[in-house]
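Visitor: Please give me a close look at one helix of this model and at what surrounds it.

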Amino acid sequence: MDTLRGIDVHRAAALCTDVLRSRIDQSWERPVPGLELNVAQVAAHVAQVCLWYAIDLATGPTETSVVSLSTDPDAPPADVLRSLGAHAALLAAVIDDPTGDGPERRGFHPFGTADPAGFAAMACDELLVHGDDMARAFGVDVEPPDDLCRAVLERLFPWVDSSTPAWPTLRWANGRAALGDTPPPTRWSWHAAPLDEWDGRPPPLWQLAPEP
């Protein structure tokens with residue numbers, strides 16, 4: 001996969017929403033393992049992030065401080081789920097917008113001024129990793145497509161060894177689990193800007209746990 005696009009956001013969103021749709025009648029107040037949030041709060045967070053990304057990319061590289069967005073986690077689960085799917089679809093449309101400035105478009109993000117592929121990668125990471133978080137709250141395992149995990153990993157974490165299995169490595173890079181004998185990072189960030197702007201080093205926020 002040369003670059004991530006709107007279709008990849010749709011793929012990641014489908015995995016995330018399928019997990020939630022099949023458990024729409026169960027309690028979404030159950031805690032998510034490893035996070036101080038419940039399922040409804042994580043789902044609302046992902047929905048809100050996708051909407052923010054769409055606005056950030058459409059607005060340009062200057063931070064948008066005049067817009068206030070929120071997704072209500074206390075709304076009925078069906079409404080939160082519908083918002084998540086709608087906001088992911090909106091972001092995918094903005095990423096692929098043929099009337100925009102093409103791949104040269106940039107939008108604000110604190111981890112680097114991202115291009116459309118960068119926003120697609122960040123959204124996929126949010127949808128895949130948080131989708132897995134919520135699935136685990138329901139006692140379910142997910143296995144996202146290898147090619148999608150690999151593309152997200154190589155785009156956002158270019159300093160990470162990509163020779164290991166893609167999905168476990170993506171979870172590890174996001175601080176979710178150890179990778180073999182290597183503990184997950186205690187602090188992490190993405191490379192959001194285009195890869196040709198990467199300086200070849202992990203970012204300052206990237207920090208692995210000390211060796212025992």
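Guide: The account below starts with helix α4 and then moves to its partner and to other helices.

The model is predicted, so local features are described only at pLDDT of at least 70 and side-chain atom pairs only at pLDDT 80 or more, whereas totals for chains, interfaces and linings use all residues. Numbering runs from 1 along each chain as its sequence is written, and side-chain values rest on heavy atoms, without hydrogens or water.

Helix α4 covers residues 116-137; helices here are DSSP runs of H or I with at least four residues, and strands are runs of E with at least two, both numbered from the N terminus. Its 22 residues reach 31 Å from the first C-alpha to the last, close to the 32 Å expected, a span given by 1.5 Å times one less than the number of residues. Of these 22 residues, 21 are buried (under 20% relative accessible area; exposed is over 50%, partly exposed in between, with a 1.4 Å probe and protein chains only). After α4 comes Gly 139, whose phi is positive, near 75°.

The partner to consider is helix α2, residues 39-59, which packs against α4 at an angle of about 175° with the axes 10 Å apart. Axes are lines fitted to C-alpha atoms, for helices over the stretch in contact, and angles run from 0 to 180 degrees between N-to-C directions. The angle makes α2 roughly antiparallel to α4 (over 145 degrees; under 35 is roughly parallel, 65 to 115 roughly perpendicular, and the rest oblique). On the α2 side, the contact (heavy atoms within 4.5 Å) includes Val 42, Val 46, Val 49, Cys 50 and Tyr 53. From α4, the participants include Phe 119, Met 122, Glu 126, Leu 127 and His 130. By class, 15 residues of this contact are nonpolar, two polar and two charged; Ala, Val, Leu, Ile, Met, Phe, Trp, Tyr, Cys and Pro count as nonpolar, Asp, Glu, Lys and Arg as charged, and the others, Gly among them, as polar.

Cys 50, in helix α2, is buried at a relative accessible area of 0%. Beyond residues up to four places away in sequence, Cys 50 touches His 87, Ala 88, Leu 91 and Leu 127. A disulfide requires a pair of cysteine sulfur atoms within 2.5 Å, and by this rule the count is zero. For Cys 50, the nearest cysteine sulfur belongs to Cys 16, at 8.3 Å. The sulfur of Cys 149 lies 9.4 Å from the closest one, in Cys 124, which is too far for a bond; Cys 149 is likewise buried, at 0%.

Helix α1, residues 6-21, has 16 residues and reaches 22 Å, close to the 22 Å expected. Its buried residues include Gly 6, Val 9, Ala 12 and Cys 16, and what covers the buried residues of α1 includes α2, α3, α4 and α5.

From helix α3 (residues 77-95), Ala 92 is buried at 2% relative accessibility. Leaving aside neighbours within four places, Ala 92 is in contact with Gly 6, Val 9 and His 10. Ala 92 and Ile 7 are 85 residues apart in sequence yet 6.8 Å apart in space, C-alpha to C-alpha.

In helix α5, Leu 153 is buried at 1%. Outside the four neighbouring places, its contacts are Pro 158, Val 160, Ala 166, Thr 169, Leu 170 and Ala 173.
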